[in-house]
Amino acid sequence: MTDFFKAILFLNYGLLLSIILLGAAKYRILNHKEKQYFHCIAFLFFIELLNLALPYVFNLNDTSFLYPLYIAGEFFLVTALFIRKLNLPKYFLGITGLLAVGFMVSKYVFNFPFNSDIVKVISNIIIICLSGFALIREIRGTSAQNRFLLVDACIFFYYSVSVFIFIIQHQLANLSENDYYIILSVNNILSSILYCSFLYTFIKLKK
């Protein structure tokens with residue numbers, strides 16, 4: 001199971017790199033709201049790059065300190081994406097920005113909450129709600145044509161299942177190493193589906 005986990009993980013690295021290169025090439029034809037998709041995926045690529053580089057370049061084997069940054073950055077960028085798509089008031093961006101910064105300050109300065117997964121689940125639920133509202137509006141045809149409809153659907157699916165995985169993971173008192181890698185592999189497969197939706201969408205994009 002460890003080998004399977006590593007295979008999916010490196011597949012995701014390859015997909016992320018492909019999306020970054022293709023997204024950069026198509027960046028000029030993206031409108032203002034669509035550019036936020038590229039910003040989100042670029043942030044994820046940056047975090048994954050740090051996770052890979054720090055142990056090899058700086059011999060820093062423990063990169064868990066990046067987790068709060070990942071949670072806060074992902075939360076702000078993805079919520080900002082759907083806040084703009086839903087044409088919500090701009091002060092919502094300020095609220096999500098303050099929540100993201102507040103979490104990082106609380107975690108890095110006071111180490112609160114002790115378990116960052118709690119914040120991760122809450123942030124995922126907020127993202128699920130926003131992406132769900134956006135999908136409903138797009139399916140009803142009350143918004144402009146959305147070239148990223150497939151990505152929106154995969155975002156909703158990814159975060160919905162991720163919340164379920166987090167809850168199941170913490171309900172199991174004693175996880176064996178095999179069970180742990182099974183859970184991680186499922187989450188990585190979900191990431192692969194999401195990344196493939198980005199890749200497909202960028203390939204299909206035209207002026």
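This passage describes helix α4 and the largest cavity of a predicted model. Local features were restricted to pLDDT of at least 70 and side-chain atom pairs to pLDDT 80 or more, whereas totals for chains, interfaces and linings use all residues. Residues are numbered from 1 along each chain as its sequence is written, and side-chain values use heavy atoms, without hydrogens and water.

Helix α4 (helices being DSSP runs of H or I of at least four residues, numbered from the N terminus) comprises 20 residues, 91-110. Its end C-alpha atoms lie 27 Å apart, which agrees with the 28 Å expected at 1.5 Å a residue, the expected span being 1.5 Å times one less than the number of residues. The buried residues of α4 (under 20% relative accessible area, 1.4 Å probe, protein chains only) are Leu-93, Thr-96, Gly-97, Ala-100, Phe-103, Ser-106 and Lys-107. An α-helix has 3.6 residues a turn, so residues three or four places apart point the same way. The buried residues of α4 pack against α3 (66-85) and α5 (116-140). Just after α4, Asn-111 adopts a positive phi of about 55°.

One cavity of 30 Å³ or more is present in the structure, a cavity being a set of points on a 1 Å grid over the protein atoms alone where a 1.4 Å probe fits but cannot get out. The largest cavity holds about 100 Å³ of space, the volume being that filled by probe spheres set on the points, which are joined across faces, edges and corners. Its lining (residues with an atom within 4 Å of a point) includes Cys-40, Phe-43, Glu-74, Tyr-159 and Phe-198. Two or more lining residues come from each of α2 (35-57), α3, α6 (149-171) and α7 (177-204), and α2 gives the largest share, four residues.

Key. Buried < 20%, exposed > 50% of the residue type's maximum accessible area, 1.4 Å probe, protein only. Contact = heavy atoms within 4.5 Å. 1 Å grid on protein atoms, 1.4 Å probe; cavity = no way out; pocket = protein on both sides within 12 Å on 5 of 7 lines; lining within 4 Å.
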